[in-house]
Amino acid sequence: TYFALGAGTILFVLVFFNVWGDFLTDILGFAWPAYQSFKAIESVDKNDDRQWLTYWTVFGFLNLIEFFSNIILYWIPFYYTFKAALILYLILPQTRGAIVIYNQVVRPYLLKEQAIIDSGLNKVKAKAGAAISEISAELSKQE
C-alpha cells in the first residue's frame, strides 16, 4: 500500500506541475480502463461490461471535445490536474462518473443529433468507398 501511495503521490505532483501532464493523463485514461475492460470481457457479469463500455463512450466523447478545443484548454492553469481528476471520477466504481456523465450529457446529445451524425457518416462512407474503387481501378490499369 505504501508503494501505491508513493507512486500516486509522484504521479499527482508530476501532473500538478505539468511534467508530462498530457502523457500521464492519457496513461491514466487508457491503461487502467483497458485492463479493467479486459477483465470485464472475461467475466460472466454484464454490469461491468456496461460500466466500461459507457466509460469508453464518455472518454472518447471528451477526447473529441479536447482535440478541437486544445488551443483554449492549453491556457487553463492546472488543466491536466483537472483532467486527471475527471478521469478518476469517470473510472472509480465508487463514483460511477462515466454513467452519470453519459446519462446527463452524452446520451441526450447523441440522441438529439443521431440522424445528422448518421447522415454525415454515410456520406463519408460513400465517398471513401468511391475513392477506394477509383484507386483500385487505377492500380489495376497500371498492372
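Two residues are said to be in contact when heavy atoms of theirs lie within 4.5 Å of each other, and in this predicted model that idea gives a way into the packing around helix H2. The buried residues of H2 pack against helix H1 (2–16), H3 and H5. Those buried positions are Gly21, Leu24, Thr25, Gly29, Pro33, Gln36, Ser37 and Ala40. An α-helix has 3.6 residues a turn, so residues three or four places apart point the same way. The length of H2 can also be checked: its 22 residues, 21–42, should span 32 Å at 1.5 Å a residue, and the C-alpha atoms at its ends are 32 Å apart, which agrees.

From H2 the reader can move to the nonpolar cores. The largest of them has twelve residues, namely Ala40, Trp52, Tyr55, Val58, Phe59, Phe61, Ile87, Leu90, Ile91, Ala98, Ile101 and Val106. Two or more residues of this core come from each of helix H3 (47–68), helix H5 (79–91) and helix H6 (97–142), and H3 gives the most, with five residues. Ala40, a member of this core, is also among the buried residues of H2. Phe61 offers a closer view of the packing: leaving aside its neighbours within four places in sequence, Phe61 is in contact with Val106, Tyr109 and Leu110. A second core, separate from the largest, has six residues, including Val15, Leu24, Leu73 and Tyr80, and of these Leu24 was met above as a buried residue of H2.

The empty space is the next stop. Rolling a probe the size of a water molecule over the atoms shows where empty space is left. The largest pocket has a volume of about 300 Å³, and of the 13 residues that line this pocket, Leu11, Phe12, Val15, Leu28 and Ala84 are the closest to its centre. H1, H2 and H5 are the elements that give two or more residues to the lining, with the largest share, five residues, coming from H2. In character the lining of the largest pocket comprises eleven nonpolar and two polar residues, with no charged residues. Val15, which lies among the residues closest to the centre of this pocket, also belongs to the second core.

The second largest pocket holds about 190 Å³ of space. It is lined by 13 residues, of which Leu62, Glu66, Tyr79, Lys83 and Leu86 lie nearest its centre. The elements that give two or more residues to this lining are H3 and H5, and H5 gives the most, with six residues. The lining of the second largest pocket divides into nine nonpolar, two polar and two charged residues.

Two loop residues deserve a look at their backbone angles. Most residues other than glycine have a negative phi, and most peptide bonds are trans. Phe78, in the loop between helix H4 (70–73) and H5, has a phi near 60°, a positive value in a residue other than glycine. Its relative accessible area is 43%, so Phe78 counts as partly exposed, a class that runs between the 20% and 50% cut-offs. Arg96 lies in the loop between H5 and H6, and its phi, near 50°, is likewise a positive value in a residue other than glycine. With a relative accessibility of 37%, Arg96 also counts as partly exposed.

Technical notes:
Residues are numbered from 1 along each chain as its sequence is written. This is a predicted model: local features need pLDDT of at least 70, side-chain atom pairs count only at pLDDT 80 or more; totals for chains, interfaces and linings use all residues. Side-chain values use heavy atoms; hydrogens and water are left out. A nonpolar core is a set of buried Ala, Val, Leu, Ile, Met, Phe, Trp, Tyr and Cys residues joined through side-chain atoms within 4.5 Å. Buried means under 20% relative accessible area, exposed over 50%, partly exposed in between (1.4 Å probe, protein chains only). Helices (H or I, at least four residues) and strands (E, at least two) are DSSP runs, numbered from the N terminus. The expected span of a helix is 1.5 Å times one less than its number of residues. On a 1 Å grid over the protein atoms alone, a cavity is a set of points where a 1.4 Å probe fits but cannot get out, and a pocket is an open set with protein on both sides within 12 Å along at least five of seven lines; lining residues have an atom within 4 Å of a point. Grid points are joined across faces, edges and corners, and a volume is the space filled by probe spheres set on the points. Ala, Val, Leu, Ile, Met, Phe, Trp, Tyr, Cys and Pro count as nonpolar, Asp, Glu, Lys and Arg as charged, and the others, Gly among them, as polar.
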